[in-house]
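Subject: A structure for you to explore

Hi there,

Here is the structure I promised to pass on. Have a look at it first, and then read my notes underneath.

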Amino acid sequence: SDPMVPFVLHPCLISKQEELDYLRHIAEAVIVTILPEKDCRNDEYRLILREIVACSVLSPIAETFCDPDYFNRTFLMQIEAREKMLETHKKRYAYAKSFEDFIKLITICDDLETLKEIRYKIIAEIMQSAVIKNLKKGGLEDARAQGSIKKGLMLKSRNLKRYIKQCTYAKSVCERRICALGGPDLRFFDHRTANQNKTPSKAFTFKQIMDNPVTRSYFNKYLEWESSSPMLKTWLAIENLKYVSQEDLLSNATEVYERFIISTTSKQVRIDRTLIRGMEAFLNGSKGPDSFIAAQRQ
């Protein structure tokens, strides 16, 4: 193992006196920078002011910032404030009886942070609904049976087109309210009013997604959210078979077959029985590996 490298402290931390001397240098540099030149030439005035700044200002600040309890209490205060704010947000809009009540809550809200949180939630709802709508168009109606029932899958029972329009309208009302209260004009980021010089979003092909480790990792996260990540893992495992040597092909194909085809994971990876029989024939030595490639394309 690598030898442990000692952590070297700053020289001013050797002793309390060294720390004070260092703070005096900082204080004097600040004083010389801020005060007029004629005051800096007054040694008594400059030295007294230096001691006050170093011992009564900088030293207490350094002691506070070096105290672990100060950071712990600060973090706890931030977490508690965040939880309190989220709880307030939830009480104010999460249980609105109707869409009209929800819009009314937005129009009478005077807290910018609450409005920003509401806008964030609305955008998340729009994105989730759009994904489910596209899945429905793609004929993936049986996704409910492939895993646990999630909120995204439960959206399928709604009129998604109407729901997305409602969320979009609520988002625009929320953005106008934020702007009216002196907050940032978030309407600029709307696709209908965005700057024409803004770089358009790029659509990647499946090959580009799979060839890039970054895009592939995001694609895998999306499939995990949809309870479909075994499909990508199966695709990658079969893709790997194309690059192994002939000596290792049979053992690797056997591993793919046992891990992804006949295991419990196969419940989420649909492969035709004809292709499965072709894989078994290859493992028995009576056929080529074409069934694996065909299953990958499927």
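Asp-21 is partly exposed, with a relative accessible area of 29%. Please keep in mind that this is a predicted model. The partner of Asp-21 in a salt bridge is Arg-24, and their closest N and O atoms are 2.9 Å apart. General background helps here: side chains of opposite charge can pair when their charged atoms come close. Both residues sit in helix 1, which covers residues 16–34, and because they are 3 residues apart there, about one helical turn separates them.

Now stay with Arg-24 for a moment. Is Arg-24 buried or exposed? Its relative accessible area is 16%, and the cut-off for buried is under 20%, so Arg-24 counts as buried.

Arg-24 also forms a salt bridge with Glu-51, with 2.7 Å between the closest N and O atoms. This pair reaches from helix 1 to helix 3 (residues 43–65), so it ties together parts that lie 27 residues apart in sequence. Glu-51 itself is partly exposed, at a relative accessible area of 27%.

There is another link of this kind to look for. Glu-28 forms a salt bridge with Arg-46, and the closest N and O atoms are 3.0 Å apart. Since Glu-28 lies in helix 1 and Arg-46 in helix 3, the pair ties together parts 18 residues apart in sequence. Glu-28 is partly exposed, with a relative accessible area of 21%, whereas Arg-46 counts as buried at 13%.

Which residues are linked with these in a network of salt bridges? The network consists of Asp-21, Arg-24, Glu-28, Asp-43, Arg-46, Arg-50 and Glu-51. Try selecting them together in your viewer. For the protein, the count comes to 12 salt bridges.

Now for the overall picture. The protein has 14 helices and 0 strands, so when you read along the sequence you meet α again and again, as in α-α-α-α-α-α-α-α-α-α-α-α-α-α. It has 298 residues, of which 30% count as buried. The accessible surface comes to about 20,900 Å², and 57% of that belongs to carbon and sulfur atoms. Among the contacts with a separation of 6 or more, 57% are between residues 24 or more positions apart.

If you want a place to begin, start at Arg-24, which forms salt bridges with Asp-21 and with Glu-51.

Happy exploring, and best wishes!

Note on methods: Residues numbered from 1 in each chain as written. Predicted model: local features only at pLDDT ≥ 70, side-chain atom pairs only at ≥ 80, totals over all residues. Heavy atoms only, no water. Salt bridge = Lys/Arg side-chain N within 4 Å of Asp/Glu carboxyl O. Helix = DSSP H or I, 4+ residues; strand = E, 2+ residues; numbered from the N terminus. Buried < 20%, exposed > 50% of the residue type's maximum accessible area, 1.4 Å probe, protein only. Contact = heavy atoms within 4.5 Å. Areas by Shrake-Rupley, 256 points an atom, 1.4 Å probe, with all protein chains shown as cover.
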